[in-house]
Amino acid sequence: MWPLQPTASSLVGGNAPAESTETALTAVPRARAEDRNTTVGESELSINPNDVTPSASRLTTSLRDIGYDSATAVADLIDNSLSANARRIDIVIESAGPHSWILVADDGDGMSRSEVTEALRFGSRRDYSAVDLGRFGLGLKTASLSQAKRVTVVSRRAPINRTISTRTLDLDHIQELDVWQVYEPELDREALAVARDFVAESPGTVIVLEKLDRVFEGIDPAGGWGARRLDKLADDLDRYLGMVFHRFLEGTADREMPLTIAINGQKVRPWNPFAPDEPATEVMGPYHFRLTGSDAQNHSVTLERYILPARSHYSSPEEFDRLSGPRKWNRQQGIYFYRADRMVQSGTWAGIRSIDEHTKFARAALNFPTALDEHFRVNVAKMKAVVPANLRELISPPVNELCAAANASYRRASLVERRSNGGQRAGRHSGGLQSAGVSLRVAAALAGATGALEQIAEVLRDSDPEAAEALGF
Ligand SMILES: Nc1ncnc2c1ncn2[C@@H]1O[C@H](COP(=O)(O)OP(=O)(O)OP(=O)(O)O)[C@@H](O)[C@H]1O
Ligand SMILES: [Mg+2]
């Protein structure tokens, strides 16, 4: 067993100071149910009246509910893989009733044995670079436990050293003993064998989720519903990951290497909300703003604005449907927030205006670096951001300008559509006019006024050739 006291700073907010992993681990006091609130004296344990070490069982349980769903939880694991320079991420979802499992495998830098243990600490310690998607030292644990009661990290660091390190954090174990502890699991389970295969030949990390109580919430995992829930999860993941990591999948993110994500072997296709490949997409001028970050430096926030084409101007009807997005046109309008190229929120005008049918083709990107996390109040689940009040004032005019232009474009497109429908009606009517022309000729003949009709037709051919043609004159 490896004791794992959480870092205090991670639980009260802020980043833990970086310490060497070895120091962090050896400095950890034992924290069992019977000796919590104690310190190790020279020869005996004594009560420390100032020790407020949290209850492992209560805290881990309550941290399950900080707002993840299955897709956002997996996305948080992928953030870690990106920070570890992964090029390929495989998600495997295995349906086996109550023994179903999910794994997220990457070919990133991997971790040493002590790093694997540290990774499972709530508030794990490390330094973050400017483009690092991690921040709190919590995501791996909170995301995993939001969906599953057991998370195992399988990792191999060095290409030459074939050592694979494996550690498990198990909520049932923590609840039973009320200890912050990980353990080395038996390797006889299929999920762990598959996980080890992923790192058998080269470095990488695999996160294995088992005891998927939250994934199967409200249903019996053993029945057909269990399998259907996992199928739906695969679909949801495909859509969500394709959206939030689209810049990485397209190779447009600020990162040297491309990224592939596959779900059960199927590649995830990027979903770019701004339809850059559609020639009729209109791009409006970008805006740049500067905000002072937590590092006291000035950082740039950019607002990019797009008006997507109306239905008839897409390369195909399928593209129109695909670009409508997971929540469809109306609810996909708005500002998309990108934190270091990873989308953290979409489908809102951030309090500047409300969703409107006439602005449904207006979309904007708001890009900010991680140094501005505190301004944007990015939370642990990285699925929400709030525009700082002073920035909202600055972006309101360009956002309103975008919406006014999108509104005008929407109305123009509707008018053209109405006209062309009207044109079709005129077309149908023109068939009617031809038969009216025939009727006029017949009537003129019966009235003995054929000559008069010919004179009228001749004048009409000069004065209104279209009408003459429509009447068949
Ligand atoms: N796939 C991975 N490859 C390599 N290292 C990893 C991987 N996943 C996690 N780690 C290590 O474990 C640590 C803890 O991960 P965790 O997601 O809990 O916190 P974080 O990424 O530092 O911050 P955040 O809470 O913002 O996600 C990471 O900082 C990283 O050092
Ligand atoms: Mg993380």
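This is a walk through one seven-stranded sheet, a ligand shell and two loop residues in a predicted model.

A few ground rules help. Local features are reported where pLDDT is at least 70 and side-chain atom pairs count only at pLDDT 80 or more, while totals for chains, interfaces and linings use all residues. Residues are numbered from 1 along each chain as its sequence is written, and chains are lettered from A and ligands numbered from 1 in the order in which they are written.

Let's begin with the sheet. Its seven strands (DSSP runs of E, at least two residues, numbered from the N terminus) form an open sheet in the order β7-β6-β9-β5-β4-β10-β11, with mixed pairing. Strands count as paired here if DSSP finds at least two bridges between them. At the edges stand β7 (165-170) and β11 (266-267), each with a single partner strand, so one side of each is left without a neighbour in the sheet. In general, strands of a sheet pair through backbone hydrogen bonds, either parallel or antiparallel.

Follow the order from the β7 edge. β7 pairs with β6 (residues 150-156) in the antiparallel sense over six bridges, and Val154 stands opposite Thr166 in β7. On to β9: β6 and β9 are antiparallel too, joined by seven bridges, with Thr205 in β9 as the bridge partner of Ser155. β5 and β9 also run antiparallel, over five bridges, and there Val104 faces Ile207 of β9.

It is worth pausing at β9 (204-210). Seven of its seven residues are buried, so the strand is largely enclosed by the rest of the structure. Buried means that 20 or more other C-beta atoms, placed from the backbone, lie within 10 Å of the residue's own. Gly204, Val206, Val208 and Glu210 point one way from β9, and Thr205, Ile207 and Leu209 the other way. That fits the general rule that side chains in a regular strand alternate between the two faces of the sheet. Helix α8 (residues 190-198; helices are DSSP runs of H or I, at least four residues) lies across β4, β5, β6, β7 and β9, and runs at about 165° to β9. Such angles, from 0 to 180 degrees, are taken between the N-to-C directions of axes fitted to C-alpha atoms, for helices over the stretch in contact, where contact means C-beta atoms, placed from the backbone, within 7 Å.

At the other end of the sheet, β4 and β10 (residues 260-263) run parallel, joined by four bridges, and Asp90 has Ala262 in β10 as its bridge partner. Strand β10 has a covered face, Ile261 and Ile263, and an uncovered one, Thr260 and Ala262. β10 and β11 then form a hairpin with two residues between them, and Asn264 in the turn has a positive phi of about 45°.

Now to ligand 1. It is surrounded by 22 residues (C-beta atom, placed from the backbone, within 6 Å), the closest being Asn80, Ala119, Gly134, Gly139 and Leu140. Two elements give two or more residues to this shell, α4 (70-83) and α6 (139-147), and α4 provides the largest share, four residues.

Finally, two loop residues. Ala340 has a positive phi of about 45° although it is not a glycine; Ala340 sits in the loop between β14 (334-339) and β15 (342-348). Lys382 has a positive phi of about 50° and lies in the loop between α13 (373-376) and α14 (389-446). Ala340 is buried, with 22 other C-beta atoms within 10 Å, and Lys382 is buried with 25.

Technical notes
Contact = placed C-beta atoms within 7 Å. Buried ≥ 20, exposed ≤ 12 C-beta atoms within 10 Å, placed from the backbone.
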